Amino acid sequence: MSAAGLPTIWELVADGAAALPEPFSRAALINWVSARRPEVGVSSIAGHIQFATANATHTGHNPFADREPLLRRVGRGQYLRYREADEGTPEAAVVRAGRVALIGSSGARADEPQPAGQMFHSDGFARAREHAEHSRLPWFVLSARHGLLDPDEVISPHEILIDDQPAAYRTAWGEFVVAQLADRVQLDHVTVEVHGGVDFAQPLRQPLARRGATLEIPLPGTWRPSGPSHPERRDGGSPAGDAPVRAALDRLRGLVGRHRAS
């Protein structure tokens, strides 16, 4: 405890690392600590995170060098809780997880910059987000424009839809997204749930398979439009109608048919 009886920043970094689902981002940890000690500057919290990270580089004196580290950096801005057994593990050995959720951008968007995890307002996006958080899965947002986004990464609204893009764009996009994911998650033997429609999932299938991951598309009935204001389609690409399951299955059959023909 601090002299004022409040938890120290180090203690809050430890508590935040224990509370946040892995992998968690630097921004998420800073926000977690800041919400509990709003009078402390972001630079001070960021400094504590740096000092608490086992594999961080320190150019000056570390006042906490005699303490056991709290964190291990596993990717750009991505952290796990420190485990002593992980000592000697190369930094490239990123998050080990049996299952990861990717949620396609879908539905109405906020009118101003927001974290990617809060930008989209469709019922389907909200349900997939709740599923990932409730299951404590590592999860990310799929964007036709940005590729893979951390949920707390702030973005501006955009109207680019993945199913509007030519085949070459979707192929390159899939390779880019899986490369971004591989920087965060060790993909061998991992099941990757793709929520939001086959137009998001299909470009990821082969790049994931090459890395030993399995792609899984949840039941289409769990992904429905948020209301009559978006009747024609969503960023997920599945036609919005009264029979979303049948429509999604028709799209899957079409994709399989085109693949066999080629």
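This section describes the fold, two central strands, one pocket and several individual residues of a predicted model.

The chain has 262 residues, and 46% of them count as buried. Its secondary structure comes to 8 helices and 12 strands. Long-range contacts were examined across the chain. Among contacts between residues at least 6 apart in sequence, 61% join residues at least 24 apart. The exposed surface of the chain is about 13200 Å². Carbon and sulfur atoms supply 52% of that area.

Strand β11 covers residues 191–195. All of its residues, 5 of 5, are buried, so β11 is largely enclosed by the rest of the structure. In a regular strand the side chains alternate between the two faces of the sheet. In β11, T191, E193 and H195 lie on one side. V192 and V194 lie on the other. Both faces are covered, and each of these residues is buried. The charged residue E193 is thus listed among the buried positions of β11.

Two strands pair with β11. Strand β5, residues 99–104, runs parallel to β11 over 5 bridges. Within this pairing, L102 has V194 of β11 as its bridge partner. Strand β12, residues 214–216, also pairs with β11 in the parallel sense, over 3 bridges. Here V192 stands opposite L215 of β12.

Strand β7 covers residues 139–143. Its burial was examined in the same way. Of the 5 residues of β7, 5 are buried, so this strand is largely enclosed by the rest of the structure. W139, V141 and S143 point one way from β7. F140 and L142 point the other way. Both sets are buried.

Strand β7 is joined to β5 by 4 bridges, and the two run parallel. G104 has L142 of β7 as its bridge partner. Strand β5 therefore pairs with both β11 and β7, since at least two bridges are needed for strands to pair. Strand β8, residues 147–149, is joined to β7 by 3 bridges and runs antiparallel to it. In this pairing S143 stands opposite G147 of β8. A hairpin through 3 residues joins β7 to β8.

Pocket analysis followed. Rolling a probe the size of a water molecule over the atoms shows where empty space is left. The second largest pocket has a volume of about 370 Å³. Its lining consists of 20 residues, and those closest to the pocket centre are P21, A28, W139, P151 and D152. W139 is also one of the buried residues of β7. By class, the lining has 11 nonpolar, 5 polar and 4 charged residues. Several secondary-structure elements contribute to the lining. Strand β1 (24–25), helix α2 (26–36), helix α4 (116–119) and strand β7 each supply at least two residues.

Next come individual positions, starting with D150. D150 lies in the loop between β8 and β9, where β9 spans residues 154–155. Its relative accessible area is 9%, so D150 is buried, being under the 20% cut-off. Leaving aside residues up to four places away in sequence, D150 touches Q78, A116, F140 and R184. One of these partners, F140, belongs to the buried set of β7.

S34 is found in helix α2. At 21% relative accessibility, S34 counts as partly exposed, because the buried class requires a value under 20%. S34 is separated from L12 by 22 residues in sequence. The C-alpha atoms of S34 and L12 are 9.1 Å apart in space.

Two residues other than glycine have a positive phi. For R136, phi is near 55 degrees. R136 is found in the loop between α5 (123–134) and β7. With a relative accessibility of 48%, R136 counts as partly exposed, because exposed means over 50%. For H189, phi is about 65 degrees, again positive in a residue that is not a glycine. H189 is found in the loop between β10 (185–186) and β11. At 68% relative accessibility, H189 counts as exposed.

Methods: Residues numbered from 1 in each chain as written. Predicted model: local features only at pLDDT ≥ 70, side-chain atom pairs only at ≥ 80, totals over all residues. Heavy atoms only, no water. 1 Å grid on protein atoms, 1.4 Å probe; cavity = no way out; pocket = protein on both sides within 12 Å on 5 of 7 lines; lining within 4 Å. Points joined across faces, edges and corners; volume = space filled by probe spheres on them. Buried < 20%, exposed > 50% of the residue type's maximum accessible area, 1.4 Å probe, protein only. Contact = heavy atoms within 4.5 Å. Areas by Shrake-Rupley, 256 points an atom, 1.4 Å probe, with all protein chains shown as cover.
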